[in-house]
Amino acid sequence: VNTDENILTLTSVASKQINKIIEIPAIGIFVMNLTNLRVNLACYPWKEPDLRFTDIIETLETHLGIDIDIKKTILKSDGLTYLHLHPHIKDLEYLENSPYLENFCKILEYLLKNEDIHKRVEHLLQLLYKAVEVRIKKQPKFCKTCIKLVLNKENIICNHSKIGILFSGGLDSAILTLIADKYISQNEPIDLINVAFEKLINKKSNNGNNEKQDMENQYDVPD
């Protein structure tokens, strides 16, 4: 945000080294009123604001140099929407009393026998399935190639991939892919985009061959 020139830059790829670039915290949904001539922000908190929320908002306001209008809380406090970071004491006691602490598969089965835990898992699944479903249904029905034909008034059916998932091979991306498959046509593929992380190498070498080897090792990571 540049309040002097009344400019707001919104991006997902900026370096934090850039002046006045700050990552928006995941404490709610932030909105901007484009009919207002000045840069402005409002926040709809996920849950009832607490001291942590207030501290984050105040820090954000200081960095951005604007006041953030706090709106109505999105989620109501109920038994199924539990957003605290720490487990409930009853949950810990139930887990500690399990006779299967050394067996990963059996401990999961044991936990799901608890009615409260089972309800939370089912609720989480419903939210996750709904989120993926909405995201997919909001996608354009044509790929970037077929959309050109549609704009030229051609009547076509696009069976090309229109969904891509950053696929590291981990549990999160595998579950998202499985859920996405439920809402995509059987004739339509899903692009699994391989993800790798750069391995920083601080060692410097004057030898050309070693430099080449270091460059090759730079991306020699598990993913």
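**Close-ups of a predicted fold**

**Figure 1. Lys153, out in the open.** At a relative accessibility of 77%, Lys153 counts as exposed, because anything over 50% falls in that class. Keep in mind that this whole model is predicted. You'll find Lys153 in the loop that runs between helix H5 (146–151) and strand E4. What's odd about the phi of Lys153? It is positive, at about 70°, although Lys153 is not a glycine. Most residues other than glycine have a negative phi.

**Figure 2. The chain at a glance.** Before zooming in again, here's the overall layout. The protein chain has seven helices and five strands. Walk along the sequence and you meet them in the pattern β-β-α-β-α-α-α-α-β-α-β-α. Of the 223 residues in the protein chain, 21% count as buried. How many of the contacts between residues at least 6 apart in sequence join residues at least 24 apart? In the protein chain, that share comes to 52%.

**Figure 3. A three-stranded sheet.** Strands E1, E2 and E3 line up in just that order, E1-E2-E3, to make an open sheet with mixed pairing. Which strands sit at the edges? They are E1 (28–31) and E3 (68–70), and each of these pairs on one side only. From one strand to the next, the twist averages 25°. Strands of a sheet pair through backbone hydrogen bonds, either parallel or antiparallel. Strand E2 (residues 41–45) and E3 run parallel, joined by three bridges. To see a bridge pair for yourself, look for Cys43 and its partner in E3, Ile70.

**Figure 4. Helix H1 over the sheet.** Helix H1, residues 51–64, lies across E1, E2 and E3, and runs at about 155° to E3. H1 is 14 residues long and reaches 20 Å from its first C-alpha to its last, close to the 20 Å expected at 1.5 Å a residue. Which residues of H1 are buried? They are Phe53, Ile57, Leu60 and Leu64. Look down the axis of H1 and these buried residues fall within an arc of 65°, so they line one face of the helix. If you check the numbering, a general rule helps: an α-helix has 3.6 residues a turn, so residues three or four places apart point the same way. The cover over the buried residues of H1 includes E1, E2 and E3. On the other side of H1, Leu51, Arg52 and Thr62 are exposed.

**Figure 5. Helix H3 and its cover.** Helix H3 spans residues 104–112, and its buried residues are Ile107, Tyr110 and Leu111. Why do they end up on the same side of H3? Around the axis they cover an arc of only 95°, which puts them on the same side of H3. What covers the buried residues of H3? Among the elements doing so are helix H2 (89–96) and helix H4 (115–137).

**Figure 6. Strand, helix, strand.** Strand E4 (residues 164–167), helix H6 (residues 171–182) and strand E5 make a right-handed β-α-β unit. E4 and E5 (residues 191–194) pair in the parallel sense, over four bridges. One bridge pair to look for is Ile165 with Leu192, its partner in E5.

**Figure 7. Two residues of helix H6.** Let's zoom in on Thr177 and Ile175. Thr177 has its place in helix H6. Is Thr177 buried or exposed? Its relative accessible area is 14%, so Thr177 is buried; the cut-off for that is under 20%. Leaving out residues up to four places away in sequence, Thr177 touches Ile165, Phe167, Ile190 and Leu192. You've already met two names from that list, Ile165 and Leu192, as a bridge pair. Ile175 is found in helix H6 too. With 34% relative accessibility, Ile175 counts as partly exposed. How far apart are Ile175 and Leu128? In sequence they are 47 residues apart, and in space they are 9.9 Å apart, C-alpha to C-alpha.

Key:
Residues are numbered from 1 along each chain as its sequence is written. This is a predicted model: local features need pLDDT of at least 70, side-chain atom pairs count only at pLDDT 80 or more; totals for chains, interfaces and linings use all residues. Side-chain values use heavy atoms; hydrogens and water are left out. Two strands pair if DSSP finds at least two bridges between them. Axes are lines fitted to C-alpha atoms, for helices over the stretch in contact, and angles run from 0 to 180 degrees between N-to-C directions. Contact means heavy atoms within 4.5 Å. A crossover is right-handed if, with the strands pointing away from the viewer, the path from the first strand over the helix to the second runs clockwise. The expected span of a helix is 1.5 Å times one less than its number of residues. Buried means under 20% relative accessible area, exposed over 50%, partly exposed in between (1.4 Å probe, protein chains only). The arc is that of the directions from the helix axis to the C-beta atoms.
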